[in-house]
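Please open the model in your viewer and keep the sequence beside it, since this tour moves from one selection to the next. At each stop, make the selection before reading on.

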Amino acid sequence: MKFRIAAAALALGFAAAAAHAEIVVGVSLGITGPGASLGVHYRNAFQLMGKTLGGEPVRFIILDDASDPTNAAKNARKLISEDKADVLLGSNGVPSAVQMAQAAAEAKIPMLVMTPAVLTGNVLHWSFVVPQPTELMMSAVAEQLKAHGVKTVGYIGYTDTWGDLVYKAIQSHANAYGFKVVTDERYARSDTSVTGQVLRLMSANPDAIVVGGSGTGAALPHVALVERGYKKGIYHNHGTVNAEFIKVGGKAVTGAIAPTGPLVVPEELPDSFATKKVSLDFTKRYEATFGAGTRNAFAGYAYDGYLLLDAAAPEALKKGKPGTPEFREALRSALENVKNVVGTHGVYTMHPQNHNGLDERARVLVQVENGAWHLLKAKGQ
């Protein structure tokens, strides 16, 4: 009798533990290093997230990879092997995110990728890319170039994967929108001068210039071009849109145009815009916590990752307990089938052939005016 009571008590204890199993989200971000101006915003977003996913307690373990891909890979493996993460999230640099995604796929753990990395095969099978695809965002720039009658475009971007992605994206739209990319200049994230590259750009004298940098690093060529007297349009990408870019660039970056998600300018969007309510709520809470003018696109990506996990978790929990291979596979499958999840950046509807799920509702064009990013109005085009 005593044995049966003890066994029953033990069974109830296991059942209670299972009912309150903790979902572990392993996060690696470049909170220091060259990508810190982006990474700190991703990190900040976790202060605004809920304490549950699908009704189950969630624990976020956040590590700093110092914007180094090697560190990102090490962090991913630590989070998997030591912290028993059920899902990974990171990082804020494309090379680092790719390294993490490879580790996640090897371990058969789903991952929310925080940069628009291009992934294939088994790595993509386990990965879900939260930011807008580079081609989608740069198509908005291409439309603007066509509207201005631009025929030649100069390009300057990072020497790494991000520089390649932006270059390929703008190049992919060249024929359809009637322009030719005439230069492909590069600089390292750690460079402090781009004089040689800018001189070659000035010599080519293109109708417009596209910069494939991000955050504060994108200000370097922009400022140098303005100082050398370039007076035509300078366009950026969605990796550039934060307050730090403007602080570093100062008045020189006035007029800079870039595509971004709607959460950067929610007050300026029509009430019918699909994400306005979510974008505006997040922006208000972010600035209430971190100060007026701190809004940015990057915190929104992390928060959208949370919203996607929260939408997918209920279905996954029906098929497995956190901490098990069954739950991780079920979570991957559930993420692959989320429908109409309204985030800060767009409306996510994924399927096996699309692990991003965003459309044109996830992009707007913004311009630096009076020391801040504002929606590019038709009268300014």
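A residue is called buried when its relative accessible area is under 20%, exposed when that value is over 50%, and partly exposed in between. Keep in mind throughout that this is a predicted model.

Begin by selecting glutamate 315, which at 35% relative accessibility counts as partly exposed, and then add lysine 319, which at 52% counts as exposed. These two residues form a salt bridge, in which the closest N and O atoms are 3.9 Å apart. Salt bridges that share partners also join Lys78, Glu82 and Asp83 into one network, which you can select next.

How many salt bridges does the structure hold? There are 19 of them, and two more deserve a stop. Select arginine 328 and aspartate 86, whose closest N and O atoms are 3.4 Å apart in the salt bridge that they form. This pair links distant parts of the chain, for arginine 328 sits in helix α14 (residues 325-335) while aspartate 86 sits in the loop between α3 and β4, and the two are 242 residues apart. Both arginine 328 and aspartate 86 are buried.

Now select arginine 189 and aspartate 160, which form a salt bridge with their closest N and O atoms 2.4 Å apart. Arginine 189 belongs to the loop between β9 and α9, and aspartate 160 to the loop between β7 and α7, so the pair ties together parts that are 29 residues apart in sequence. Here arginine 189 counts as partly exposed, at 28% relative accessibility, whereas aspartate 160, at 18%, counts as buried.

Move next to leucine 308, which you will find in helix α13 (residues 297-317). Is leucine 308 buried or exposed? With a relative accessible area of 0%, leucine 308 is buried. Leaving aside residues up to four places away in sequence, leucine 308 touches Val130, Leu335, Val338, Val341, Tyr348 and Met350. If you display the C-alpha atoms of leucine 308 and leucine 335, you will see that they are separated by 7.0 Å, although the two residues are 27 apart along the chain.

For the last stop, select helix α3 (residues 69-81) together with helix α4 (residues 94-107), which pack at an angle of about 30° with their axes 8 Å apart. That angle makes α3 roughly parallel to α4, and their crossing is right-handed. The residues that make the contact include Ala72, Ala76 and Ile80 of α3, and Gln99, Met100 and Ala103 of α4. Taken together, the residues of this contact divide into 10 nonpolar, two polar and two charged.

Conventions
Residues are numbered from 1 along each chain as its sequence is written. This is a predicted model: local features need pLDDT of at least 70, side-chain atom pairs count only at pLDDT 80 or more; totals for chains, interfaces and linings use all residues. Side-chain values use heavy atoms; hydrogens and water are left out. Axes are lines fitted to C-alpha atoms, for helices over the stretch in contact, and angles run from 0 to 180 degrees between N-to-C directions. Helices (H or I, at least four residues) and strands (E, at least two) are DSSP runs, numbered from the N terminus. Angles under 35 degrees count as roughly parallel, over 145 as roughly antiparallel, 65 to 115 as roughly perpendicular and the rest as oblique. A crossing is left-handed if the near helix is turned anticlockwise from the far one by less than a right angle, and right-handed if clockwise. Contact means heavy atoms within 4.5 Å. Ala, Val, Leu, Ile, Met, Phe, Trp, Tyr, Cys and Pro count as nonpolar, Asp, Glu, Lys and Arg as charged, and the others, Gly among them, as polar. Buried means under 20% relative accessible area, exposed over 50%, partly exposed in between (1.4 Å probe, protein chains only). A salt bridge is a side-chain nitrogen of Lys or Arg within 4 Å of a carboxyl oxygen of Asp or Glu.
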